Each structure stands twice: as structure tokens, then as C-alpha cells.
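Visitor: I should like a close look at a single part of this structure and at what surrounds that part. Please give a connected account.

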Amino acid sequence: MNRKALSLLLLCMLLFSPSSTLPAWSDPSERVFDDPWLVLRSLLVSYPDRISLVDYDSVQGDWFLEIDGTRLYWARGRLLLKKDLGTESQWRAYVDYLYPDKIPDPSRFTEETIGRLNAELLAEQRRNALDFNPAFYTLLYGGESRRKIEASITRFDWLTARVSVHRSLVPALKRIEQRLNDEAGSNPEVARFLSQISRIEGYNWREVRDSTRRSQHSWGIAIDILPVGWGQKNIYWNWISYWNEKWMLIPLDRRWMPPDAVVEIFEEEGFVWGGKWHLWDNMHFEYRPELIVLGKWGYRGTPE
Ligand SMILES: [Zn+2]
């Protein structure tokens, strides 16, 4: 059996293996990030055209995935090239949170949760000082430098605007557009959402001051959809947190929300919506199919 057939067989075994073989942890988030088999398998399923193999390297003593013939080692979730092994502490884990299936609802937050959110905010800021190691996205999306990534950025008409995104996302975005337009025919909320888009931002090369962290927008895999006059509502925790330290308690009906059907359509195409983050960013959608896959397998973030 040749290598390609072997990879395909492995993929089929992974896809159809019963989920009951997964360990049943009471709090999946505690253990999931330390589980190379689970996380690498979610990546293999999410990028089947690009990741050809997940296996264990007994010489190196670590798991790896292979993209276009290049190995990336698990390296405590950092996904490192062999030459970078040993630098784990300089990087964030690539999958370091689980996506919840519901919006965290502040009306159910306890004092403990509010305190934890403040702590989470601080932790997030500390984590933001670390970036992902760029090797995985460099192989997946082609190019670490601005010049190289821009060779893969394409500009196309999408919904009501001209949007720049990584070209590998175009098929999924076209399917989303088709589904949103179909849905708008029978769902007035979706029709209203589409008619009220004022701006759509995709690719944006941003180097954050005092941080090496690169936004998902700078890989061309995130999209912000801004409605006309979101007016009296709140759309992004970071904008309001400057003057409201209880930003996490802003009720859901005081936040601008896309209709549920819109969020579902994006999720079914592999995008997470920032409105389900505790640090909510309700205009933001980003391509993270592995987080959607982990959710389908039962590994979801807790919304409270
Ligand atoms: Zn964004």
C-alpha cells in the first residue's frame, strides 16, 4: 500500500471510529489541550487536503502532523518544526480554548464567575504577549511576511462589500453567501441583517504594539461585519471596557447580535463567532474548523 492510500485509510479510521473511544473527562478543557492525539486528529479532519498524516515519531518521542511533506511536532501543543523544539515556552499553544455552543449569559454569572472573568482578562493579556509559533500557519496559508501572505490574499465581492481574504477561504465564503441569501428569502431577521451591513473588514496586516501577537486578520482568515448604526448597543468588550469595568455584565440584549441562523451558517462552514467568547467581539468571525470539530466531538467550552 502506498503512502497516500495509507494516509487515506488512517483518515477513514479516524473519521469513523466510535466517539465512545474518547475518554469521558468531566471537564474536557482541563485535559484536552494536553492530548496530542485529540487535537492533531481535529486538525487532520479540518484540513484534509493539506494535512496528510498524523503519527508518532519514536526517535523524537513526540507526535507530529505532516503538511506538504514537512513535519510539525506536537511540542506541548505549539506545533513546532524540528529545529524549534525546545522553544515551547516562547509560544502559545495553538488550540488553547474550547468554543462553547451557547453565548455566555451574564444574567447567570456568579460573583465567582465575574471575578474569574477579570482574572481571565488579565490572563488573556498575558497570553497575548505570546504568539502562536508561525510554522503551522506559514505552511497552511503560505508565508510569514507581509509580502508573502499578500500573494495569497484575494479581493472579491461578498455580501454587500468588496472583501480581502486568504484565497483558501473563498469557497467557504461563497457557500456562506449563498446560504445567507437563501435564508433571507424566508427569514426576515436574516434579510434585515444583510440589508444593514455597513462595512466588512477581512485581511488587515496589523502588528500590535508591544506585542508579537499577530491577529487572525493578518492571515486573511478573519472577517468583521459591522452593521449600520449599531448605535445604542455594544459590539466589542474591549471598546467598552475602557470606561465600564463591569463590561462582562452587559446583558445580551444590550449587545448587537447577528441572528442565530447567521451564526449557525458560519459555524457549519468552520468559522467561530467572537460573540460566544467571554471576551466578546460580536462583529468577528474567524476560520477555526478544528474548534468546531472538537465541539462536535463533545469538547465544548463552558458558557458560564
Ligand atoms: Zn475581527
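Guide: What follows concerns the second largest pocket, the helices that line that pocket and the packing of those helices, with a short note on the cavities at the end. The model is a predicted one.

The second largest pocket has a volume of about 520 Å³. Its lining is made by 23 residues, and those closest to its centre are Ser46, Tyr47, Pro48, Tyr287 and Pro289. By class, 13 residues of this lining are nonpolar, three are polar and seven are charged. Five helices each supply at least two lining residues: helix 3 (36-46), helix 5 (135-142), helix 7, helix 10 and helix 11 (289-296). The greatest contribution comes from helix 11, which gives four residues to the lining of the second largest pocket.

Two of these contributors, helix 3 and helix 11, also pack against each other. Their axes come within 9 Å and cross at roughly 115°, and the crossing is right-handed. On the side of helix 3 the contact is made by Leu38, Ser42, Leu43, Val45 and Ser46, while helix 11 brings Pro289, Glu290, Val293 and Leu294. This contact of helix 3 with helix 11 divides into six nonpolar residues, two polar residues and one charged residue. Ser46 and Pro289 thus appear in this contact and also among the residues closest to the centre of the second largest pocket.

Another pair of contributors is helix 7 (residues 170-186) and helix 10 (residues 260-268). These two helices pack at an angle of about 155°, and their axes are 10 Å apart. Helix 7 and helix 10 are therefore roughly antiparallel to each other. Their crossing is right-handed. Ile176, Arg179, Leu180 and Glu183 of helix 7 meet Ala261, Val262, Ile265, Phe266 and Glu268 of helix 10. In this contact of helix 7 with helix 10 there are six nonpolar and three charged residues, with no polar ones.

Helix 7 has a further partner in helix 8 (residues 188-195), and the axes of these two come within 6 Å and cross at roughly 125°. That angle makes helix 7 oblique to helix 8. The crossing of helix 7 and helix 8 is left-handed. From helix 7, Leu180, Asn181, Glu183, Ala184 and Ser186 meet Pro188, Val190, Ala191 and Leu194 of helix 8. By class, the contact of helix 7 with helix 8 holds six nonpolar residues, two polar residues and one charged residue. Leu180 and Glu183 belong to this contact with helix 8 and also to the contact with helix 10.

As for cavities, a search of the whole structure finds two of 30 Å³ or more. The largest cavity encloses about 40 Å³ of space. Its lining consists of Arg78, Leu79, Tyr94, Phe132, Asn133, Phe136 and Tyr137, which divide into five nonpolar residues, one polar residue and one charged residue. Phe136 and Tyr137 in this lining fall within the span 135-142 of helix 5, a helix that also supplies at least two residues of the lining of the second largest pocket.

Notes: Residues numbered from 1 in each chain as written. Predicted model: local features only at pLDDT ≥ 70, side-chain atom pairs only at ≥ 80, totals over all residues. Heavy atoms only, no water. Axes fitted to C-alpha atoms, helices over the stretch in contact; angles between N-to-C directions. Parallel < 35°, antiparallel > 145°, perpendicular 65-115°, else oblique. Left-handed = near helix turned anticlockwise from the far one by under 90°. Contact = heavy atoms within 4.5 Å. Nonpolar A, V, L, I, M, F, W, Y, C, P; charged D, E, K, R; others polar. 1 Å grid on protein atoms, 1.4 Å probe; cavity = no way out; pocket = protein on both sides within 12 Å on 5 of 7 lines; lining within 4 Å. Points joined across faces, edges and corners; volume = space filled by probe spheres on them.
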